[in-house]
Amino acid sequence: MNLARAVRLTKPRLIIAITAAALAAATVLAFSSQAASARPDGPRALHGNGGTKPVIVLVHGAWADASSWDGVIQRLQNDGYTVYAPPNPLRGLSGFPSSDAAYLHDFLTQNAALAGKPVVLVGHSYGGAVITNAAVGDPEVKALVYVDAFIPDQGETLGGLLASVPGSCLAGNPADIFNLVPYPGSPPGDVDTYIKPSLVPGCFASGLPASQAAVIAATQRPLASSTLSEPSGTPAWKTIPSWAVIGTADKVIPPALLQFMAQRAKAHITRVNAGHLSLISNPGVVTRVIIKAARATG
């Protein structure tokens, strides 16, 4: 076969091969694009709020700080969510000189980073009472998530709720349970409360390793004692869909009380075999509940 004939025969074969390769590449790209758009947990996953994921705002409770959310934050960020965990002042639900609920409400409504964005608001323990009050009047809060948390109705106090069901390890003579320390500018008779370190492992941090409980005891942020007697305001859970995580071994807020409050709020309930700090001991469970709430927004 001469060279000219070889070239004439090779050309069509080469064109066919190139065309086939291009078609195969296009097919792979098409399937990849479809898979990416169908993936439910990617950064562009669609939600009922218009196509973007809501912002998650996490509110810590008493005797804790925002680091208690570390395991949850990492998981939410890995799933493509924007997360904020602002400090909870722990100065009072609605009292002097300003309230924790007002502080959080301003964070939600006066923060340019949150402007026009749907929010899932999450509270742990005392943080549940804070979000119940702070979300009122904010149309961007689309869901409330309560983690081992107070869910008060209007006029209720945290002390009154704890007294309504026996079993809290923080009930009793305050001097036996807390180290009481005056703080500057406090109203007459008010003091900061710190859980006695010896009580933290078996009470507040039950179910956690002893070394971890010791760190929590050493780093706790105090709650003003007056907070326990301040009445809660209009509850946001009456108009905003709610979810609740209940630690069935909670020794701070008895599970029966957690159950009562969650059912009253018509919350979607998830139970977990954990103590009061399920956000630390079971961050995967807590994260999944938050994501369920986020996916239901709209």
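Which exposed residues does the face of α7 turned away from its buried side carry? The legends below take up this question and then visit other parts of the structure, which is a predicted model.

**View 1. Helix α7 has a buried side and a face turned away from it.** Helix α7 runs over residues 210–219, and among its residues Ala213, Ile216 and Ala217 are buried. These three cover an arc of only 100° around the axis, which puts them on the same side of α7. A general point helps here: an α-helix has 3.6 residues a turn, so residues three or four places apart point the same way. What covers the buried residues of α7 includes α9, at 278–281. And the residues asked about at the start are Ser211 and Ala218, both exposed on the face turned away from the buried side.

**View 2. Helix α3 also has buried residues to look at.** Here they are Asp100, Ala101, Leu104 and Leu108. Their arc around the axis is only 95°, so they sit on the same side of α3. Look around them and you will meet their cover, which includes the strands β1 (55–59), β3 and β4 (141–147), together with helix α4.

**View 3. Ile56 belongs to the largest nonpolar core.** This core has 81 residues, and Ile56, Leu121 and Leu144 are the members that touch the most other members. Helix α10, residues 283–295, gives the most to the core, with seven residues. Zoom in on Ile56 and set aside its neighbours within four places in sequence: the residues in contact with Ile56 are then Leu76, Tyr81, Thr82, Val83, Tyr84, Val120, Val122, Ile290 and Ala294.

**View 4. Cys169 and Cys203 form the one disulfide that the structure holds.** The two sulfur atoms are 1.8 Å apart. Cys169 lies in the loop between α5 (158–164) and α6 (174–177), while Cys203 lies in the loop between β6 (192–195) and α7, so the pair ties together parts that are 34 residues apart in sequence. The torsion about the S-S bond is about 70°, so this disulfide is right-handed. Are the two cysteines buried or exposed, or partly exposed? Cys169 is partly exposed, with a relative accessible area of 26%, whereas Cys203 is buried, with a value of 4%.

**View 5. Leu90 has a positive phi.** Its phi is near 65°, and Leu90 is a residue other than glycine. To find Leu90, go to the loop between β2 (83–84) and α3 (100–109). Leu90 counts as buried because its relative accessibility is 0%.

**View 6. Ser125 has a positive phi although it is not a glycine.** The value is about 55°. You can find Ser125 in the loop between β3 (119–124) and α4 (126–134). With a relative accessible area of 4%, Ser125 is buried.

**View 7. Thr297 lies in the segment after α10.** What does the side chain of Thr297 reach? Its partner is the backbone oxygen of Ala294, at 2.7 Å. Ala294 may be familiar from View 3, where it is among the residues in contact with Ile56. Thr297 is buried, with a relative accessible area of 4%.

Note on methods. Residues are numbered from 1 along each chain as its sequence is written. This is a predicted model: local features need pLDDT of at least 70, side-chain atom pairs count only at pLDDT 80 or more; totals for chains, interfaces and linings use all residues. Side-chain values use heavy atoms; hydrogens and water are left out. Buried means under 20% relative accessible area, exposed over 50%, partly exposed in between (1.4 Å probe, protein chains only). Helices (H or I, at least four residues) and strands (E, at least two) are DSSP runs, numbered from the N terminus. The arc is that of the directions from the helix axis to the C-beta atoms. Contact means heavy atoms within 4.5 Å. A nonpolar core is a set of buried Ala, Val, Leu, Ile, Met, Phe, Trp, Tyr and Cys residues joined through side-chain atoms within 4.5 Å. A disulfide is a pair of cysteine sulfur atoms within 2.5 Å. A polar contact is a pair of N or O atoms within 3.5 Å; within protein, one must be able to donate a hydrogen and the other to accept it, and residues adjacent in sequence count only if both atoms are side-chain atoms.
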